[in-house]
Amino acid sequence: STSYTSAKIKFTAPEFSGVGSITSYVFKAVPSQVTYPTVTFEAAYDSTGNTITGLRSGTVYQISIAAKNLAGQGPNSTVSIKTQFLDRCLAVGKPCD
């Protein structure tokens, strides 16, 4: 059975976006396993973090975030993360970080 998880991505929104106000952010999670699907969604900025769902547990993802406004989409900021098997962490009584 496939185990899915999510990742909460917290970032600081830019103070000035150049041309016009930022209307949303485009999030893209590209897995290291080419057979797994890429997850893409668009959302407003959330100061507590935006959650990407549908990620495969134990997989390395390259996460990119791009600001979007009426002029179009800006350049990506990129970071790599590795999801964890949350059920394994909880089963041994340790917090998952």
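What share of the contacts with a separation of 6 or more in the protein chain comes from residues 24 or more positions apart? In this predicted model, such residues account for 57% of those contacts.

## The overall layout

Let's start with the whole chain. Its secondary structure comes to seven strands and one helix. Reading from the N terminus, the order is β-β-β-β-β-β-β-α, so keep in mind that strands are numbered from that end. The protein chain has 97 residues, and 28% of them count as buried.

## Strand β1 and its partner

Strand β1 covers residues 4-9. In a regular strand the side chains alternate between the two faces of the sheet. You can follow this pattern along β1: Thr5, Ala7 and Ile9 point to one face and are buried, while Tyr4, Ser6 and Lys8 point to the other face and are not buried.

For its pairing, look to strand β4, which spans residues 50-56. β1 and β4 run antiparallel, and five bridges join them. One place to find this pairing in the viewer is Tyr4, which stands opposite Arg56 in β4.

## A closer look at Ser24

Next, move to strand β2, residues 22-31, where Ser24 has its place. Is Ser24 buried or exposed? Ser24 has a relative accessible area of 7%, and therefore it is buried, because the cut-off for buried is under 20%.

The surroundings of Ser24 are worth a look too. Its side chain makes a polar contact with the side chain of Glu42, at 2.6 Å. Leaving out residues up to four places away in sequence, Ser24 touches Glu42, Ala43, Ala66, Ala67 and Lys68.

## The largest pocket

Now for the open space. The largest pocket holds about 230 Å³. It is lined by 15 residues, and those closest to its centre are Pro14, Ala66, Ala67, Gly74 and Pro75. Two of these names will be familiar: Ala66 and Ala67 are also among the residues that Ser24 touches.

Which strands each supply at least two residues of this lining? They are β2, β5 (60-69) and β6 (72-73). β5 gives the largest share, with five residues. Sorted by class, the lining has eight nonpolar residues, six polar ones and one charged residue.

Key. Residues numbered from 1 in each chain as written. Predicted model: local features only at pLDDT ≥ 70, side-chain atom pairs only at ≥ 80, totals over all residues. Heavy atoms only, no water. Buried < 20%, exposed > 50% of the residue type's maximum accessible area, 1.4 Å probe, protein only. Helix = DSSP H or I, 4+ residues; strand = E, 2+ residues; numbered from the N terminus. Pairing = 2+ DSSP bridges. Polar contact = N/O pair within 3.5 Å; in protein donor to acceptor, adjacent residues only side chain to side chain. Contact = heavy atoms within 4.5 Å. 1 Å grid on protein atoms, 1.4 Å probe; cavity = no way out; pocket = protein on both sides within 12 Å on 5 of 7 lines; lining within 4 Å. Points joined across faces, edges and corners; volume = space filled by probe spheres on them. Nonpolar A, V, L, I, M, F, W, Y, C, P; charged D, E, K, R; others polar.
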